[in-house]
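Hello,

Here is the model we talked about. Please look through it when you have time; my notes follow below.

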Amino acid sequence: MSKKMQWISIVLALVLVSWSYYQVNSYKSKMQALKQDKAELEQEMQNMESQAQYILNQANQKEIELTHETWPKFFDIAEVMVEESDGKFLRPWAIYLVKEAESYGIDPFIVYELLKIETGNSFDPELVGPETKYGHAYGMAQFMKNTAPWIADMAAMPYKEDLLFDPYYSIKLSLVYLDYLYGQYDNWDETLTAYHRGMAGLEQYKLKNGHANSEYATRIQRNAQKYKEFVAYAP
């Protein structure tokens, strides 16, 4: 009987140890999940604060008017885009892009090359990107539905899903987002990689590679440099 009791005691002890081990691991997993949630919440709060600050700073945006002095410059730059795209990037879109880009102090060819990559050189304003775990991307600037609304808020523009297929709306959102990201990072490697991968994706890329000069960012900047003679106001 004593041996039987000893075995029962041993089994009970093993069960207790196993249960305790399980409880400790479960506790550690919950703590890790809570830490992750806290980090994500803090990042979200920081993003909201920076977005609010961006909106407040929009009062400082330059107002650009088309005049007899500015029109020739805008038209010449726009014509380069139209010709380079074999007419796929329409002249009204190009003129709008050049005018809006100057008001943000952004090289319009950075945006042009970004739109070219995003659309696979088609400049199709009705493009729907391939399905991802986050959904599809839409329009010429390929915005996701979880990103576009808060960028529209920063741009003080209304948001409707069908507006993502409006080329002018899409161009404006891309400029606002690039302007916002450049204000966060102050360099084009991080800005463009964040545009492509998201801000969290940028951080993951930097952790993995030790830098932010992704192929996407490098290609856009390299191609935009071909037109530097036309643009003298890029940051």
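The protein chain of this predicted model has nine helices and two strands. Read from the N terminus, the order of its elements is α-α-α-α-β-β-α-α-α-α-α.

Some totals for the protein chain come next. It has 235 residues, and 41% of them count as buried. Taking the contacts with a separation of 6 or more, 58% are between residues 24 or more positions apart. The exposed area is about 14100 Å², and 56% of that is supplied by carbon and sulfur atoms.

The rest of my notes concern one helix pair, H6 and H7. Helix H6 covers residues 167-185 and helix H7 covers residues 188-197. How do two packed helices get described? The angle between their axes and the distance between the axes are used. For H6 and H7, the axes come within 9 Å and cross at roughly 130°. An angle from 115 to 145 degrees counts as oblique, and H6 and H7 are therefore oblique to each other. Their crossing is right-handed.

Which residues of H6 meet H7? On the H6 side they are Ser-174, Tyr-177, Leu-178, Leu-181, Tyr-182 and Tyr-185. On the H7 side, the residues they meet are Trp-188, Glu-190, Thr-191, Leu-192, Ala-194 and Tyr-195. Sorted by class, the contact of H6 with H7 holds nine nonpolar, two polar and one charged residues. Glu counts as charged, so the charged residue here is Glu-190 of H7.

Regards

Notes:
Residues are numbered from 1 along each chain as its sequence is written. This is a predicted model: local features need pLDDT of at least 70, side-chain atom pairs count only at pLDDT 80 or more; totals for chains, interfaces and linings use all residues. Side-chain values use heavy atoms; hydrogens and water are left out. Helices (H or I, at least four residues) and strands (E, at least two) are DSSP runs, numbered from the N terminus. Buried means under 20% relative accessible area, exposed over 50%, partly exposed in between (1.4 Å probe, protein chains only). Contact means heavy atoms within 4.5 Å. Accessible areas come from the Shrake-Rupley method with a 1.4 Å probe; for residues, only the protein chains shown count as cover. Axes are lines fitted to C-alpha atoms, for helices over the stretch in contact, and angles run from 0 to 180 degrees between N-to-C directions. Angles under 35 degrees count as roughly parallel, over 145 as roughly antiparallel, 65 to 115 as roughly perpendicular and the rest as oblique. A crossing is left-handed if the near helix is turned anticlockwise from the far one by less than a right angle, and right-handed if clockwise.
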